[in-house]
Amino acid sequence: MVRSDFIMEIRRYIVNPGERRLRAPWRVTLWVFLAGFGLVLLSGVIAVTSSVVRMTPTVAVVRQIAIFAAGTVVAVGIGYLLDRRTLPDYGLGFDRQWWRDAAFGLVLGVGLPTLVLLVEMAVGFIEVSVALATIDSGPLPLTAFGPPVAVLLLGAFFLVQATTEEVLVRGYLLTNTAEGLAGWVGKRGAIIAATGLTGALFGVLHWTNPSASLLSVTNITLYGLLLGACYVLTGRLGVASGFHVAWNYTLALLGFPVSGLRMGVALLSTDATGPTVVTGGEFGPEGGLVALPLLAVGGAALYWWVRREYGAVALLEDIAIPDLRVRTRSDTTNQDG
């Protein structure tokens, strides 16, 4: 009897009996393991396929995009089964407001890098010339294509790559972290902590990029907080995804490095001549002090949008409350009673 009680007590630490699923820390741990294994397996399949198919530049570009797209499907699929959540609970409820949010995010993501360009030109910190051309740089072999085609391919790449980061970091990790911490620090505290933790993770993930510095990691962490705010203030990934896609794409097309990477095609040729600590140098604007006032502008724009569209600017406590696809024991009890 004692042994049975001990086993049941241990089981309660691992499984939530009311929800009939693993508790958040165990789910996230298992998700990291299974998603990681799935990505390794997926990479192997793609590698084998690539060895059979002649590796042309077109195949190489499609492979890069396919890795992000398929990896997202695998990771979300595993999380969907483990969490038993609805897709809108990950910020993926593609209703009309979601697309309105995404459009606002796209406008913001285009506007802020353009503002950087104009300000740096005005103060003489950058030299700019028109140069619609491809260069041998970045993760995609875009020099094999004409500039117009390369611009379209780069857009497709960022659409998938940036959306993948938002779905995994904000949609999955932030949501589950907030739920897991809610019982310890309350829903509001859990959402704030989860936003901070995933923002820090976002910054650290860019630590190994070329020309990264403590300032660049700090800036990207702060931008991770802004992206997290886009999610926890709206309950949707529309603003965050639109902003992230457009930010990366616009930086690249304006000739700036994107987190230390020249992306292979640009509409403009830019050469930072001002202090590196301000402009970010070879890391791009994300690595300089210029990123900080942009962050303030982005935060103010987000505040305006949320107030306009949602009526009030407040953390949505539903982020920390799971919307499950299965009936819980409490649901069953209430129905039976």
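Student: What makes Leu115, Val119, Val123 and Val297 a nonpolar patch on the surface?

Tutor: In this predicted model, these four residues form a nonpolar patch with about 290 Å² of accessible area together. A patch of this kind is made of residues with over 30% relative accessible area and no salt bridge, and nonpolar side chains are joined within 5 Å. Val297, which is found in helix H9 (residues 291-310), has a relative accessibility of 38%, and because the cut-off is over 30%, that value lets Val297 take part.

Student: Why is Val297 called partly exposed?

Tutor: Exposed would need over 50% and buried would need under 20%; the 38% of Val297 falls in between, and therefore Val297 counts as partly exposed.

Student: How do you know that Arg21 and Glu19 form a salt bridge?

Tutor: The rule asks for a side-chain nitrogen of Lys or Arg within 4 Å of a carboxyl oxygen of Asp or Glu. The side chains of Arg21 and Glu19 meet at 2.7 Å, N to O, so the pair satisfies the rule. By this rule the count comes to eleven salt bridges.

Student: Are Arg21 and Glu19 buried or exposed, and what makes them so?

Tutor: Arg21 has a relative accessible area of 3% and Glu19 has 17%. Buried means under 20%, and therefore Arg21 is buried, as is Glu19.

Student: What makes the contact of Asp83 with Arg27 a salt bridge, and which parts of the chain does the pair link?

Tutor: The closest N and O atoms of Asp83 and Arg27 are 2.8 Å apart, and since the limit is 4 Å, the contact counts as a salt bridge. The pair links distant parts of the chain, with Asp83 in helix H3 (residues 57-83) and Arg27 in helix H2 (residues 24-52), 56 residues apart. Both Asp83 and Arg27 are buried.

Student: How do you know that Glu309 and Arg100 form a salt bridge, and where in the chain do they lie?

Tutor: For Glu309 and Arg100 the closest N and O atoms are 2.8 Å apart, which again satisfies the 4 Å rule. Glu309 lies in helix H9 and Arg100 in helix H4 (residues 96-122), 209 residues apart, and so this pair also links distant parts of the chain. Glu309, with a relative accessible area of 19%, is buried because the cut-off is under 20%, whereas Arg100, with 28%, is partly exposed.

Student: Which residues do salt bridges that share partners join into one network?

Tutor: The network joins Glu19, Arg21, Arg27, Asp83, Arg85, Asp89 and Glu179. One of these, Asp89, lies in the loop between H3 and H4, and at 10% relative accessibility Asp89 counts as buried, because 10% is under 20%.

Student: How do you know that helix H5 is not straight?

Tutor: A straight helix of 58 residues would span 86 Å at 1.5 Å a residue, but H5 (residues 147-204) spans only 33 Å between its end C-alpha atoms. A bend of about 130° is found in H5 at Val185.

Student: What is notable about the phi of Arg84 and of Ser259?

Tutor: Most residues other than glycine have a negative phi. Arg84, however, has a positive phi near 60°, and Ser259 has a positive phi of about 50° although it is not a glycine. Arg84 is in the loop between H3 and H4, while Ser259 lies in the loop between helix H7 (238-253) and strand S4 (265-272).

Student: Why is Arg84 called partly exposed, and why is Ser259 called buried?

Tutor: The 30% relative accessible area of Arg84 is neither under 20% nor over 50%, so Arg84 is partly exposed. The 6% of Ser259 is under 20%, so Ser259 counts as buried.

Student: What makes Gly284 buried, and where is it placed?

Tutor: Gly284 is in the loop between helix H8 (276-279) and H9. Its relative accessible area is 1%, and because buried means under 20%, Gly284 is buried.

Student: What does the model show over residues 28-49?

Tutor: An unreviewed UniProt entry lists residues 28-49 among its transmembrane regions. Over residues 28-49 the chain is 100% helix and 0% strand, with the end C-alpha atoms 31 Å apart. The same entry lists residues 138-160 as well, and over residues 138-160 the chain is 61% helix and 0% strand, with end C-alpha atoms 16 Å apart.

Notes:
Residues numbered from 1 in each chain as written. Predicted model: local features only at pLDDT ≥ 70, side-chain atom pairs only at ≥ 80, totals over all residues. Heavy atoms only, no water. UniProt positions renumbered as here; feature names shortened; annotations may be inferred. Helix = DSSP H or I, 4+ residues; strand = E, 2+ residues; numbered from the N terminus. Expected span 1.5 Å × (residues − 1). Bend = angle between axes of the 7 residues up to and from the residue. Patch = residues over 30% accessible without salt bridge, like charges linked within 9 Å, V, L, I, M, F, W, Y side chains within 5 Å. Areas by Shrake-Rupley, 256 points an atom, 1.4 Å probe, with all protein chains shown as cover. Buried < 20%, exposed > 50% of the residue type's maximum accessible area, 1.4 Å probe, protein only.
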